[in-house]
Amino acid sequence: MTHAFPGGALALDFAGTLRYRHRPEPREDLSSPESLSAWFRESGITEHAIPCEAADLRTALALREALHRLIRARMAGTAYDRDALALVNAYARKPAPVPQLTATGCQVEARLEQAFAAVARDAVTVLGGPDAALLKECGNPECSQVYVDRSRGARREWCAMDPCGNRIKAAAYRARKRTSGRRTA
């Protein structure tokens with residue numbers, strides 16, 4: 001699997017495909033039409049590759065940034081950007097992928113607009129529902145992934161243990177060791 005899905009919601013994971021937004025040079029996970037197609041397949045929106053072109057990638061990136069603006073506004077308790085809201089709602093109105101029963105089980109095929117619709121509808125569900133109150137940003141200062149914290153007591157600190165939680169815990173352990181080494185010396 002090429003892509004990570006730590007957010008607990010399609011919309012959050014799609015918005016998180018621009019990783020490390022806090023850095024001067026963030027990492028782009030949707031760097032080609034092929035990587036966009038792979039994201040849709042790996043996310044479970046469809047089982048087969050969706051043919052994508054450069055223009056489709058530009059559309060995907062515009063949708064992703066609109067989602068990101070809406071997620072940030074919801075977390076901050078501020079008004080939604082009107083253009084971002086209009087774009088997400090326009091895609092949410094489009095037909096979504098339809099699962100089909102086959103002799104071997106369930107199969108989902110989607111066209112590109114249906115895949116975008118699935119992501120937009122998920123954003124409407126997350127941002128407009130009870131999960132919106134559970135949105136958090138990863139506690140790793142390098143990471144910018146937003147996730148739904150459904151943990152007991154809402155005490156989750158990282159988007160995922162691997163790599164963010166492990167890095168923070170290892171750094172804290174090393175710092176404690178350095179500090180205790182200085183005290184005994």
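This report describes a serine in helix α2, the helix α5, and the cysteines of a predicted model.

## Serine 35 in helix α2

Helix α2 covers residues 33-43, and S35 is found in this helix. With a relative accessible area of 12%, S35 is buried, because buried means under 20%.

The side chain of S35 reaches the backbone oxygen of S32, at 2.7 Å. When neighbours within four places in sequence are left aside, S35 is in contact with H3, D29 and L30.

## Helix α5

Helix α5 comprises 17 residues, 112-128. At 1.5 Å a residue, helix α5 should span 24 Å, and its end C-alpha atoms are 24 Å apart, so the expected and modelled spans agree.

Of the 17 residues of α5, 12 are buried, and the helix is therefore largely enclosed by the rest of the structure. The buried residues of α5 are L112, Q114, A115, F116, A117, A118, V119, A120, D122, A123, V126 and L127. The elements covering these buried residues include the helices α1 (10-15), α2, α3 (54-76) and α4 (82-92), together with the strands β4 (105-109) and β5 (135-137). Helix α2, which holds S35, is thus one of the elements that cover buried residues of α5.

## Cysteines and disulfides

A disulfide is a covalent bond between the sulfur atoms of two cysteines. The count for this model comes to 0 disulfides, where a pair of cysteine sulfur atoms would have to lie within 2.5 Å.

C106 has a relative accessibility of 52% and counts as exposed, because the cut-off for exposed is over 50%. C159, at 6% relative accessibility, counts as buried.

Terms used: Residues numbered from 1 in each chain as written. Predicted model: local features only at pLDDT ≥ 70, side-chain atom pairs only at ≥ 80, totals over all residues. Heavy atoms only, no water. Helix = DSSP H or I, 4+ residues; strand = E, 2+ residues; numbered from the N terminus. Buried < 20%, exposed > 50% of the residue type's maximum accessible area, 1.4 Å probe, protein only. Polar contact = N/O pair within 3.5 Å; in protein donor to acceptor, adjacent residues only side chain to side chain. Contact = heavy atoms within 4.5 Å. Expected span 1.5 Å × (residues − 1).
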